Structures are given as structure tokens and as C-alpha cells.
Amino acid sequence: MYGSLRATETSEIHFLKRALEIDRASTESVFDEYATDIGIALKNLVNIFAPDYVLIGGEALEFSALFLEKSINYAKKNAFSSLADAVKFDIDIIGEKAWTLGCIYRVIESELFTVGR
């Protein structure tokens with residue numbers, strides 16, 4: 001099924017939506033594995049950098065109900081000592097507009113706030 005999709009920026013999203021329609025149990029099982037992988041990544045981030053705040057974003061958040069809470073719980077449970085207890089995990093609500101806003105910010109920063117040209 002995946003091979004039949006046109007390779008576009010959102011083809012994976014469409015594939016996952018279709019997979020959920022066809023076989024929800026198997027797709028949720030894959031998301032359980034994904035939740036662990038993301039949890040490991042978050043745990044490593046916490047263990048290495050000990051941040052106070054982690055902003056989570058990306059296209060996969062469209063399926064956040066299937067993995068995000070599990071991922072954050074995994075990170076909190078498996079981080080060194082109590083490092084993750086103080087971390088605020090937050091979700092990016094800007095979504096697709098983030099790319100455009102980032103470009104605008106970059107132009108403003110480079111054109112208005114660069115000294116000594």
C-alpha cells in the first residue's frame with residue numbers, strides 16, 4: 001500500500017491515516033513501538049541537557065493521541081534520578097505555520113538586527 005502512494009511531503013501522513021482505517025490494532029501496535037523510540041529520545045535529551053522545557057513539534061503530532069503521552073511517561077520514568085520531574089513537556093501549536101514564521105524571523109533577524117555590515 002505504501003509503495004502505491006505518490007511520494008509527497010505528506011504521503012507518510014496519508015499512509016498512516018489509511019493504515020488506521022484498514023487495521024487499527026496493527027497500526028496502534030506500531031505506534032506503541034514508536035512511543036518507546038520517542039520516549040528514549042526524550043529521555044536522552046533530558047539526561048544530556050537537563051532542560052527545564054522541551055517543545056515537541058512535527059507532523060507526527062497529528063497522531064499524538066496514539067503515542068505522545070506514552071513517550072513522555074517513558075522519558076520521565078527512565079531519566080536519571082529525578083531530572084525529568086522538573087521538565088515541562090509542551091506541544092507546538094503553531095503547526096505548519098512554523099516553517100513560514102521561521103523564515104520570516106530569519107529575514108527580520110538578518111536584515112534588522114545585524115550590526116557591522
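Helices, taken as DSSP runs of H or I with at least four residues, and strands, taken as DSSP runs of E with at least two, are numbered from the N terminus. With the whole protein chain selected, 4 helices and 2 strands come into view, and from the N terminus on they run in the order α-α-β-α-β-α. The model is a predicted one, in which local features need pLDDT of at least 70 and side-chain atom pairs count only at pLDDT 80 or more, whereas totals for chains, interfaces and linings use all residues. Residues are numbered from 1 along each chain as its sequence is written, and side-chain values use heavy atoms, with hydrogens and water left out.

While the full chain is still selected, colour it by accessibility: buried stands for under 20% relative accessible area, exposed for over 50% and partly exposed for what lies in between, with a 1.4 Å probe and protein chains only. Of the 117 residues of the protein chain, 24% count as buried. The chain exposes about 8,600 Å², of which carbon and sulfur atoms supply 59%; such areas come from the Shrake-Rupley method with a 1.4 Å probe, and for residues only the protein chains shown count as cover. If contacts (heavy atoms within 4.5 Å) are drawn next, residues 24 or more positions apart account for 68% of those in the protein chain with a separation of 6 or more.

Select helix H1, residues 11–22, whose 12 residues reach 16 Å from the first C-alpha to the last, close to the 16 Å expected at 1.5 Å a residue, the expected span being 1.5 Å times one less than the number of residues. Its buried residues are Ser11, Ile13, Ala19 and Leu20, and what covers them includes H2.

Move on to the aromatic rings, where Phe, Tyr and Trp (its six-membered ring) pair if their centres lie within 6.5 Å, and planes under 30 degrees apart count as stacked, over 60 as edge-to-face and the rest as tilted. The structure holds 4 aromatic pairs. One of them joins Phe31 and Tyr34 edge-to-face, at 6.1 Å centre to centre and 85° between the planes. Both residues lie in helix H2 (residues 24–49), 3 residues apart, or about one turn of the helix. Phe31 counts as buried at 5% relative accessibility, while Tyr34 counts as partly exposed at 30%.

Keep Tyr34 selected and add Phe67: the ring centres are 4.9 Å apart and the planes stand at 75°, so this pair is edge-to-face. Because Tyr34 lies in helix H2 and Phe67 in the loop between strand E1 (53–56) and H3, the pair ties together parts that are 33 residues apart in sequence. Phe67 is buried, with a relative accessible area of 4%. Adding Phe63 completes the view, since ring pairs link Phe31, Tyr34, Phe63 and Phe67 into a cluster.

Next, select Ser71 in helix H3 (residues 68–78). This serine is buried, with a relative accessible area of 0%. Not counting residues up to four places away in sequence, Ser71 touches Ala35, Ile38, Gly39 and Leu42.

Finish on helix H4 (residues 97–112), the place of Ile108, which at 37% relative accessibility counts as partly exposed.
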